[in-house]
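Subject: Structure for your review

Dear colleague,

Please find below the structure that I agreed to pass on to you. My notes on its salt bridges and nonpolar cores follow.

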Amino acid sequence: MAEIKCIGILTSGGDAPGMNAAIRAVTRTAIYNGFEVKGIMRGYKGLITNEIIPFKTQNVSNIIQQGGTILKTARCMEFMTPEGRKLAYENMTAQGIDALVVIGGDGSLSGARIFASEYNFPIVGMPGTIDNDLFGTDTTIGYDTALNTIMEAVDKIRDTASSHERLFFIEVMGREAGFLALNGAIASGAEAAIIPEIATEVDQLSELIGNGFRKSKNSSIVLVAESELTGGATGLAERVKNEFPQYDVRVTILGHIQRGGSPSASDRILASRMGEASINALLEGQRNVMIGIQNDELVYIPFSKAIKNQKPINRDLLNTIKILSI
Ligand code: ADP
């Protein structure tokens, strides 16, 4: 395998708090180990448009506490084509980059996998997404911060919900995964979570209302994962108005607030550890793996597994919510 001299780093897809902490850790660990580092702007787009900047340790000063990503992020359709990836590879090699660290979600790692297999060079991925939906890692960078944002928002909504004795559907992110809804519900003491994973098995709304969930309460809060499968908060509220008109129902969609803010201590630590591990992986000759964390141990997960496998939710948590909301 050719010796690595220069490592390129990019953030891609949906942004997540903690990506900056990850960029900092990758940059500093690489420089510590004698590598050159280049920052690639706007994800894969920057490889195609050749927006590539030499990175020194100072480029990543004072960013560990900042949300978003200093490298910016983008969705890049051109990179989905072989011609786009060819241009990306030509620019990358012209800049002297011989390995990549990609921080992003499922889509970004799928792109990394294809790129690495086409051009046979090392790429290491880091799971950066608030959705926590990557297989092989207990948590992803940004998930804990987003959960805390949800918890704080729900605390505020509960004040008004209980004053007016209303049923609130609060929509959180997670198009295909209910981690935010499920754990957000536990953290905020919500009465239920409606998630895509079980949407085809049970009618979660009928089950919820059929259980008489408001018997001992003057207000109720239900967290709903945004998803065609759940119907989203708006879809569920419509159903309640038609099927259970006795309830005074309201909807709040938390939206992009969940992506922002200064990363939590957990996310900063996770991003820092994974950033260091990404360079260690390259030093050990690993390629085409995602860094994961399992039981506090850093692990390498082949891209194929991280992307293809569905990360299971812990179904016991649904019962926990039910018991704790009586
Ligand atoms: P996320 O990484 O947050 O899941 P996306 O799914 O939007 O976000 O993916 C981010 C980018 O990764 C896409 O805009 C595209 O440039 C690249 N990408 C995603 N899937 C593929 C693929 N199958 N082939 C090549 N590139 C891809």
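Glutamate 90 and lysine 86 both belong to helix H3 (residues 82–94), where they sit 4 residues apart, about one turn of the helix. Please bear in mind that this is a predicted model. The side chains of the two residues form a salt bridge, with 3.0 Å from N to O. Glutamate 90 is partly exposed, with a relative accessible area of 39%, and lysine 86 is also partly exposed, at 46%. As background, side chains of opposite charge can pair when their charged atoms come close.

The count of salt bridges in the model is 14. Two further pairs link separate parts of the chain.

In one of them, arginine 239 pairs with aspartate 203, and their closest N and O atoms are 2.9 Å apart. Arginine 239 is in helix H8 (residues 232–243), while aspartate 203 is in the loop between strand E7 (192–194) and helix H7 (204–210), so this salt bridge ties together parts that are 36 residues apart in sequence. Both residues are partly exposed: arginine 239 has a relative accessible area of 24%, and aspartate 203 has 36%.

In the other, aspartate 296 pairs with arginine 273, with 2.8 Å between the closest N and O atoms. Aspartate 296 lies in the loop between strand E10 (289–294) and strand E11 (297–302), and arginine 273 lies in helix H9 (residues 265–283); the pair therefore ties together parts that are 23 residues apart in sequence. Aspartate 296 counts as exposed at 53% relative accessibility, because the cut-off for that term is over 50%. Arginine 273, at 29%, is partly exposed.

Salt bridges also link Arg166, Asp248 and Arg250 in a network.

I turn now to the nonpolar residues. Which residues touch the most other members of the largest nonpolar core? They are Ile7, Met126, Leu180, Ile221 and Leu223, in a core of 63 residues. Helix H5 (residues 143–164) supplies the largest share of this core, 8 residues. At least three residues of the core come from each of domain 1 (6–142 + 263–308) and domain 2 (144–259).

Leaving aside residues up to four places away in sequence, isoleucine 7 touches several residues, among them Ala30, Phe35, Val37, Ile97, Ile279 and Leu282. A second, separate core has 27 residues, including Ile40, Ile123, Val299 and Phe303.

Yours sincerely,
A colleague

Technical notes:
Residues are numbered from 1 along each chain as its sequence is written. This is a predicted model: local features need pLDDT of at least 70, side-chain atom pairs count only at pLDDT 80 or more; totals for chains, interfaces and linings use all residues. Side-chain values use heavy atoms; hydrogens and water are left out. A salt bridge is a side-chain nitrogen of Lys or Arg within 4 Å of a carboxyl oxygen of Asp or Glu. Helices (H or I, at least four residues) and strands (E, at least two) are DSSP runs, numbered from the N terminus. Buried means under 20% relative accessible area, exposed over 50%, partly exposed in between (1.4 Å probe, protein chains only). A nonpolar core is a set of buried Ala, Val, Leu, Ile, Met, Phe, Trp, Tyr and Cys residues joined through side-chain atoms within 4.5 Å. Domain bounds come from an automatic or database domain assignment. Contact means heavy atoms within 4.5 Å.
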